[in-house]
Amino acid sequence: MAALAPLGSPVDVDVRGLTEAEAHDVRQRLQPRRPTDASQAFPRTRVFALSSGKGGVGKSSLSVNLAIILAQRGHRVAVLDADVYGFSVPRMIGIGRKPTIVDNLVVPPRAHGVAVVSVALFADEETPVIWRGPMLHKMLSQFVVDVHWDEPDLLIVDMPPGTGDVALTLRELVPATEVVVVTTPQPAAQKVAQRAAYMARKLDVQVTGVVENMSWFTGNDGVRYELFGAGGGELLAQQLDVPLLGQVPLVPALREGSDRGTPIAVTEPESEATRAIASVAEALLTTRRARMSLPILQGPAQEVT
Ligand SMILES: Nc1ncnc2c1ncn2[C@@H]1O[C@H](COP(=O)(O)OP(=O)(O)OP(=O)(O)O)[C@@H](O)[C@H]1O
Ligand SMILES: [Mg+2]
């Protein structure tokens, strides 16, 4: 793949799509802002990593639609697609173009008001990507320091399924990351989701809440069918002693929108799923970051608003 160049090495200035005057303007604005670490890239950003113990529970779909809804509400929002093996965010949100690179800084493409950074923007979808531990770390750290994040209010991180290297690396790179655990309603799934939460706790990362996805399907008869059982999200939230931020129903148009790159939050703002995700967004904003982890704070845990 056309990987990002190693840290500190020269990268071609790619200002395609910009006029000379615009490129000059971008350069002027970018130059003083190159971050050296996450505390500079995200000085006042709340970073939510959507995580799960297993795959296919809806992390990516929720990341995309949640981000769009938050942007629609006037927040500055970015999405980091940290699923470096199974990246899907650009396709789901409908971004096909490559990012612009200006003076070694990647200017992320935007869709529906959301800035998106993903390996997919540097690779083609058919080529499988194999990352060894150190390369993975290097690439994710480049995503932090070599991207013009423009100080978002909120960064949604779409995590790969399960617990692993990416979670460890993210914890190290962005210590202020908070985990939002996504689960499906059946009790067995909730046990698996617990693993992601335990891993977060072990890494001293705050778990901020639980979202239950695919909670029910509303038939044409208006009846809610609980296809995957019930109660898993509530149970997990109780066990973790965090809020259940919401339940999102199974809505075929959500999947179709993701497949087409036309997210349901844009095409069907009144859909049952969109309204449910909007209420997750609102619930998320009422939570607080209780503390930052040590590398940034260098002191005892305390309340940060
Ligand atoms: N609430 C929903 N209603 C209908 N379809 C959904 C819903 N949530 C997710 N899906 C669909 O389920 C599939 C899996 O969702 P998604 O890719 O978001 O999960 P994921 O947790 O990110 O998976 P992975 O772990 O493989 O990255 C997708 O086809 C998506 O469109
Ligand atoms: Mg995914």
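Where does Arg76 lie? Keep that residue in mind as you browse these close-ups of a predicted model.

**View 1. Arg76 sits in the loop that links α3 to β2.** With 17 C-beta neighbours inside 10 Å, Arg76 counts as partly exposed, because a residue needs 20 or more to be called buried and 12 or fewer to be called exposed. If you set aside the residues within four places in sequence, the contacts of Arg76 are with Pro152 and Asp153. Have a look at Asp150 as well: its C-alpha atom is separated from that of Arg76 by 8.9 Å, although the two residues are 74 apart along the chain.

**View 2. An open sheet of eight strands, with mixed pairing.** Reading across the sheet, the order is β5-β6-β2-β7-β1-β8-β9-β12. β5 (110-111) and β12 (244-248) stand at the edges; each has a single partner strand, so one side of each is left without a neighbour in the sheet. Helix α8 (residues 232-240) packs on this sheet and touches β8 (178-183), β9 (206-213) and β12. The direction of α8 makes about 170° with that of β9. For orientation, the protein chain as a whole has twelve helices and twelve strands.

**View 3. Strand β2 and its parallel partners, β7 and β6.** As a reminder, strands of a sheet pair through backbone hydrogen bonds, either parallel or antiparallel. Strand β2 (residues 77-81) is joined by five bridges to strand β7 (residues 154-158), and the two run parallel. Here you can find Ala78 opposite Leu155 of β7. β2 also pairs with β6 over five bridges, again in the parallel sense. In that pairing, Leu80 has Val117 of β6 as its bridge partner.

**View 4. The hairpin of β5 and β6, with two residues between the strands.** The two strands run antiparallel and are joined by two bridges. Arg110 stands opposite Ala115 of β6. Within the hairpin, His112 is worth a look, with a positive phi near 50°.

**View 5. Strand β6 (residues 114-118), mostly covered.** Which residues of β6 are buried on each side? Val114, Val116 and Ser118 are buried on one side, and Ala115 and Val117 on the other, leaving both faces covered. That makes five of five residues in this strand buried. In a regular strand the side chains alternate between the two faces of the sheet.

**View 6. Val114 and the largest nonpolar core.** This core has 84 residues, and those touching the most other members are Ala67, Val114, Ile156, Val157, Val181 and Ile277. Its largest share, eight residues, comes from α3. Zoom in on Val114 and, leaving out residues up to four places away in sequence, you will find it touching Ala67, Ile68, Ala71, Val77, Ala78, Val79 and Ile93. In soluble globular proteins, nonpolar side chains tend to be buried together. Across the protein chain of 305 residues, buried residues make up 44%.

**View 7. Helix α7 (residues 187-202) at Ala193.** Is Ala193 buried or exposed? Ala193 counts as buried, because it has 27 C-beta neighbours inside 10 Å. Beyond residues up to four places away in sequence, Ala193 touches Ser52, Gly53, Val181, Thr183 and Leu236. The C-alpha atoms of Ala193 and Ser51 are separated by 8.3 Å, with their positions 142 residues apart along the chain counted as the separation. Such pairings fit the wider tally: of the contacts in the protein chain with a separation of 6 or more, 79% join residues 24 or more positions apart.

**View 8. β8 and β9, a parallel pair.** Six bridges hold this pair together. Thr183 has Glu212 of β9 as its bridge partner. β9 is mostly covered, with seven of its eight residues buried.

**View 9. The shell of 21 residues around ligand 1.** Gly55, Gly58, Ser60, Ser61 and Arg255 come nearest to ligand 1. Two helices, α3 (59-72) and α9 (252-260), each supply at least two residues of the shell. Sorted by class, the shell has eight nonpolar, ten polar and three charged residues.

Note on methods
Residues are numbered from 1 along each chain as its sequence is written. Chains are lettered from A and ligands numbered from 1 in the order in which they are written. This is a predicted model: local features need pLDDT of at least 70, side-chain atom pairs count only at pLDDT 80 or more; totals for chains, interfaces and linings use all residues. Two strands pair if DSSP finds at least two bridges between them. Helices (H or I, at least four residues) and strands (E, at least two) are DSSP runs, numbered from the N terminus. Two residues are in contact if their C-beta atoms, placed from the backbone, lie within 7 Å. Axes are lines fitted to C-alpha atoms, for helices over the stretch in contact, and angles run from 0 to 180 degrees between N-to-C directions. A residue is near a molecule or strand if its C-beta atom, placed from the backbone, lies within 6 Å of it. Ala, Val, Leu, Ile, Met, Phe, Trp, Tyr, Cys and Pro count as nonpolar, Asp, Glu, Lys and Arg as charged, and the others, Gly among them, as polar. A nonpolar core is a set of buried Ala, Val, Leu, Ile, Met, Phe, Trp, Tyr and Cys residues joined through C-beta atoms within 7 Å.
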